[in-house]
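Biologist: I'm new to this one and would rather see a single part well than everything at once. Could you pick a place to start and work outwards from there?

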Amino acid sequence: MNPEFSLSVQFASEADNLPSRAQVRRWVAAALEHAAEITVRIVDAEEAQALNQDYRDKDYVPNVLTFEYGEIGRDESGRGVLGGDVVICAPVVEREAREQGKPLKDHYAHMTVHGVLHLQGYDHIDPADADIMESREAVILRRFRIPNPYLSFPDENGVRQ
């Protein structure tokens, strides 16, 4: 059974080839393990860098940021509802997809799933936790016929490994 969720998708980027709201909704639904209220906001570099500086004290443009609000309420059955925002930086996602030789849509899917897993408490700071999170991402992305992003970087000849 898939958990219930509400989703707001915001497009604050002038980039071309952004994913559709329906695509984002499918990726979020696939990654959710808990009821949630989520905003996914696709932004340009200036906004992403400002958020990273203001909230993480890091002065660079990230590919994805997740703001976890924890449990923000309860559903009708009394289960906790998580809240959070996932901010995806379009120019960085485009550049990384190009550099990694993968379809742009696949990289947007990965960043969405990655952010939603962070919202649910997954992390990758510790190597053991990173293994768990990356494995979970790979399983979710496989549902969309997207190769494991941690194994599919092309080598210097453009061959996927």
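**From one edge of the sheet inwards**

Modeller: Let's start with R74, which is exposed because its relative accessibility is 55% and the cut-off for exposed is over 50%. Bear in mind that this is a predicted model. R74 has a charged partner: its side chain meets that of E71 in a salt bridge, at 2.9 Å from N to O. E71 counts as partly exposed, at 49% relative accessibility. Both residues fall within β3, which covers 64-74.

So what does β3 belong to? It is part of an open sheet of four strands, and if you walk across that sheet you meet them in the order β1-β2-β4-β3, with mixed pairing. That puts β3 at one edge and β1 (5-12) at the other; each has a single partner strand, so one side of each has no neighbour in the sheet. Averaged over the sheet, and with direction ignored, neighbouring strands are turned by 10 degrees against each other.

The partner of β3 is β4, and the two run antiparallel, joined by nine bridges. To find one of those bridges on screen, look for G70, whose bridge partner in β4 is G83. These two strands also make a hairpin, with five residues between them. One residue in that turn is G78, which has a positive phi of about 90 degrees. A positive phi turns up just ahead of β3 as well, in the loop between α2 (45-56) and β3, where D57 sits. Phi of D57 is near 55 degrees, and this residue is not a glycine. D57 is exposed, with a relative accessible area of 63%.

Now cross to the other end of the sheet. There β1 and β2 pair in the parallel sense, over eight bridges. S8 is a handy marker here, as it stands opposite T39 in β2. Helix α1 packs on this part of the sheet, touching β1 and β2, and its direction makes about 135 degrees with that of β1. Helix α3 (residues 90-100) lies across β2 and β4, running at about 70 degrees to β4.

Stay with α1 for a moment. Its buried residues are Q23, V24, W27, V28, A30 and A31. They cover an arc of only 165 degrees around the axis, which means that they are on the same side of the helix. What covers them includes β1 and β2, together with α4 (104-119) and α5.

That brings us to the inside. The largest nonpolar core has 30 residues, and the ones with the most contacts inside it are V28, I38 and I88. Two or more residues come from each of β1, α1, β2, β4, α3, α4 and α5. Of these, α4 gives the most, with seven residues. If you want to see how the pieces come together, centre your view on I38. Leaving out residues up to four places away in sequence, I38 touches S6, L7, S8, V28, L32, G84, V116 and L119. S8, our marker in the parallel pair, is in that list, and V28 is one of the buried residues of α1. There is also another core, lying apart from this one: it has eight residues, among them A48, F67, V87 and C89. F67 takes us back to β3, where we began, as that strand covers 64-74.

Finally, back to the charges. The pair at R74 is one of six salt bridges that a search of the whole structure finds. Another joins E33 to R136, with the closest N and O atoms 2.8 Å apart. E33 lies in the loop between α1 and β2, while R136 is in helix α5 (residues 127-142), so this pair ties together parts that are 103 residues apart in sequence. E33 is partly exposed, at 33% relative accessibility. A further salt bridge has the side chains of D106 and K105 meeting at 3.3 Å, N to O. In that pair D106 is buried, with a relative accessible area of 13%, whereas K105 is partly exposed at 41%.

Definitions and conventions:
Residues are numbered from 1 along each chain as its sequence is written. This is a predicted model: local features need pLDDT of at least 70, side-chain atom pairs count only at pLDDT 80 or more; totals for chains, interfaces and linings use all residues. Side-chain values use heavy atoms; hydrogens and water are left out. A salt bridge is a side-chain nitrogen of Lys or Arg within 4 Å of a carboxyl oxygen of Asp or Glu. Buried means under 20% relative accessible area, exposed over 50%, partly exposed in between (1.4 Å probe, protein chains only). Two strands pair if DSSP finds at least two bridges between them. Axes are lines fitted to C-alpha atoms, for helices over the stretch in contact, and angles run from 0 to 180 degrees between N-to-C directions. Contact means heavy atoms within 4.5 Å. The arc is that of the directions from the helix axis to the C-beta atoms. A nonpolar core is a set of buried Ala, Val, Leu, Ile, Met, Phe, Trp, Tyr and Cys residues joined through side-chain atoms within 4.5 Å.
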